Amino acid sequence: MSTYHYELKLKIARENELGYGRKYRSKKYSINLHTIKNWLAQYKMYGKEG
């Protein structure tokens, strides 16, 4: 299992706010769609600290 850097997670969360879809980012960064969905849920719930 890979560990992803905080900066990448934050970048993906910010792209979500700009309207980019999860599927697009999943392919762009080669990250599982479910993983991105989980990050976005954490970001929505806890903000940058999540």
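Glu15 is buried, with a relative accessible area of 8%, where buried stands for under 20% relative accessible area, exposed for over 50% and partly exposed for values in between, using a 1.4 Å probe and protein chains only. The model is a predicted one, in which local features need pLDDT of at least 70 and side-chain atom pairs count only at pLDDT 80 or more, while totals for chains, interfaces and linings use all residues. Residues are numbered from 1 along each chain as its sequence is written, and side-chain values use heavy atoms, with hydrogens and water left out.

**Charged side chains**
- The structure holds one salt bridge, meaning a side-chain nitrogen of Lys or Arg within 4 Å of a carboxyl oxygen of Asp or Glu.
- Glu15 forms a salt bridge with Lys28, and their closest N and O atoms are 3.3 Å apart.
- This pair links distant parts of the chain, since Glu15 sits in helix H1 and Lys28 in helix H2, 13 residues apart; helices here are DSSP runs of H or I with at least four residues, numbered from the N terminus.
- Lys28 counts as partly exposed, at 44% relative accessibility.
- Arg25 is buried yet has no salt bridge, and Glu15, the nearest side chain of opposite charge, is 4.4 Å away; for this purpose Lys and Arg count as positive and Asp and Glu as negative, with His and the chain ends not counted.

**Helix H2 and its surroundings**
- Arg25 belongs to helix H2, which spans residues 22–29, and the buried residues of this helix are Arg25, Ser26 and Tyr29.
- These buried residues cover an arc of only 105° around the axis, which puts them on the same side of H2, the arc being that of the directions from the helix axis to the C-beta atoms.
- The face of H2 turned away from its buried side carries the exposed residues Lys23 and Lys27.
- The cover over the buried residues of H2 includes H1 and helix H3 (33–46), contact being defined as heavy atoms within 4.5 Å.
- Not counting residues up to four places away in sequence, Arg25 touches Ile12, Glu15, Asn16, Tyr20, Ser30, Ile36 and Leu40.
- Ser30, just after H2, takes a positive phi of about 55°.

**Loop and leading segment**
- Tyr20 lies in the loop between helix H1 (6–17) and H2 and is partly exposed, with a relative accessible area of 40%.
- Thr3, in the segment before H1, counts as exposed at 75% relative accessibility.

Note on methods: Helix = DSSP H or I, 4+ residues; strand = E, 2+ residues; numbered from the N terminus.
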